[in-house]
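Let's take a walk through this structure together, one stop at a time. Have the sequence and the 3D view handy as you read.

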Amino acid sequence: MARKTKMVRATEKAKEAPQAVLHGRVWRFGNDVDTDAIIPGRFLTLYDPRELAKHAVEGTRDDFAGGAREGDLIVAGRNFGCGSSREHAPLALKGAGIRVIVARSFARIFYRNAINSGMLPLVCTRAGEIRDGQTGELDLERGILTVEGKRYELEPVPGFLREIVDAGGLVEYARDLSEVRTCRDATM
C-alpha cells in the first residue's frame, strides 16, 4: 500500500519578499482599473516580467513604465484588477519594481494572481485620500502606510498567503515544499 505524505513548508527563507519597510513614490490609480489597462492584450505574447514592464499601463498612464522604481507603491480605488484573469497584469507591475499594491478593494482573481506572482495586495479603506506623486513609507510588520505624515491602517493578509508572497510567488513556494512522513504514516 502506498504511503500518504503531507506537504509541509521546508524553509521560511524569503526570496523576493517585499521589504519590511518600503519607501517610494505613490502611483495613484482610480476605481475599476482593469487588466486590459494594466497590460494591453497585444503584449500577452511576452512572458518576461521586465519586458512586460515596458508596456505596463501603456495608453492609460504612459509615464509609469519609464518612471516606476523598485519600492514604489501603486495606490488605487475600488476593484483594482477587474476584467480578465490574465496573469500578465501582476507580472508587468512586478517587472516595473512594484512589490505592493494598496487599494480600497481588488478584483478576486487579480488578488490571487498578484499573490501567486509574489506581489502583496493590501486593502486600505482610506486609499482614496492618498494622492499621486506623494512619498509613502509602508511598514509591513505594523500594517501601516504613512504618506506625507498621515497614517493609514491596512487590513492584514492571512499568514499562508503572506508565506506565498514571501517566497516570491506560488511556484517558488511550491519548490520549497518537501514530502515528509506524518505521524499517521509512521504507524503503517
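**A guided walk through the chain**

Start with Arg 99: its relative accessibility is 16%, so it counts as buried. Keep in mind that what you're looking at is a predicted model. Arg 99 has a salt-bridge partner in Glu 70, with the closest N and O atoms 3.5 Å apart. Glu 70 belongs to the loop between H3 and E3, while Arg 99 belongs to the loop between H4 and E4, so this pair ties together parts that are 29 residues apart in sequence. Unlike its buried partner, Glu 70 counts as exposed, because its relative accessibility is 54% and the exposed class begins over 50%.

Now step back for the overall view. The chain has 188 residues, and 46% of them count as buried. It contains 8 helices and 9 strands. Take the contacts between residues at least 6 apart in sequence: 73% of these join residues at least 24 apart. About 9,800 Å² of the chain is exposed, with carbon and sulfur atoms supplying 50% of that.

Next, find helix H4, residues 88–95. Of its 8 residues, 6 are buried, so the helix is largely enclosed by the rest of the structure. The buried ones are His 88, Ala 89, Pro 90, Ala 92, Leu 93 and Lys 94. What do they pack against? Their partners are helices H1, H2, H3 and H5, along with strands E3 and E4. After H4 comes Gly 97, which has a positive phi, near 100°.

A little further along the chain is Ser 117, in the loop between H5 and strand E5. Although it sits in a loop, Ser 117 counts as buried, because its relative accessibility is 11%. Beyond its neighbours within four places in sequence, Ser 117 touches Pro 90, Leu 91 and Lys 94, and also Gly 168 and Gly 169.

On to the rings. The structure holds 7 aromatic pairs. One of them joins Trp 27 and Phe 64 edge-to-face, at 5.1 Å centre to centre and with 80° between the planes. Trp 27 is in strand E2 and Phe 64 in helix H3, so the pair ties together parts that are 37 residues apart in sequence. Both Trp 27 and Phe 64 are buried. Phe 64 also pairs with Phe 29: the ring centres are 6.3 Å apart and the planes meet at 70°, so this pair is edge-to-face as well. Phe 29 comes from the loop between E2 and H1, 35 residues away from Phe 64. Zoom out a bit and you'll see ring pairs linking Trp 27, Phe 29, Phe 64, Phe 80, Phe 106, Phe 110 and Tyr 111 into a cluster.

Two of these rings have a charge sitting over them. For Trp 27, the charged end of Arg 25 lies 3.7 Å from the ring centre. For Phe 29, the charged end of Arg 61 lies 5.7 Å from the ring centre.

That brings us back to salt bridges, of which the whole structure has 12. Arg 61 counts as buried, since its relative accessibility is 14%. Arg 61 bridges to Asp 63 at 3.0 Å between the closest N and O atoms, and to Asp 132 at 2.9 Å, N to O. Arg 61 is in the loop between H2 and H3 and Asp 132 in the loop between E5 and strand E6, so their pairing ties together parts that are 71 residues apart in sequence. Together, Arg 25, Arg 61, Asp 63 and Asp 132 are linked in a network of salt bridges.

Key
Residues numbered from 1 in each chain as written. Predicted model: local features only at pLDDT ≥ 70, side-chain atom pairs only at ≥ 80, totals over all residues. Heavy atoms only, no water. Buried < 20%, exposed > 50% of the residue type's maximum accessible area, 1.4 Å probe, protein only. Helix = DSSP H or I, 4+ residues; strand = E, 2+ residues; numbered from the N terminus. Contact = heavy atoms within 4.5 Å. Areas by Shrake-Rupley, 256 points an atom, 1.4 Å probe, with all protein chains shown as cover. Phe/Tyr/Trp six-rings, centres within 6.5 Å; stacked < 30°, edge-to-face > 60°. Lys NZ or Arg CZ within 6 Å of the ring centre and 35° of its normal. Salt bridge = Lys/Arg side-chain N within 4 Å of Asp/Glu carboxyl O.
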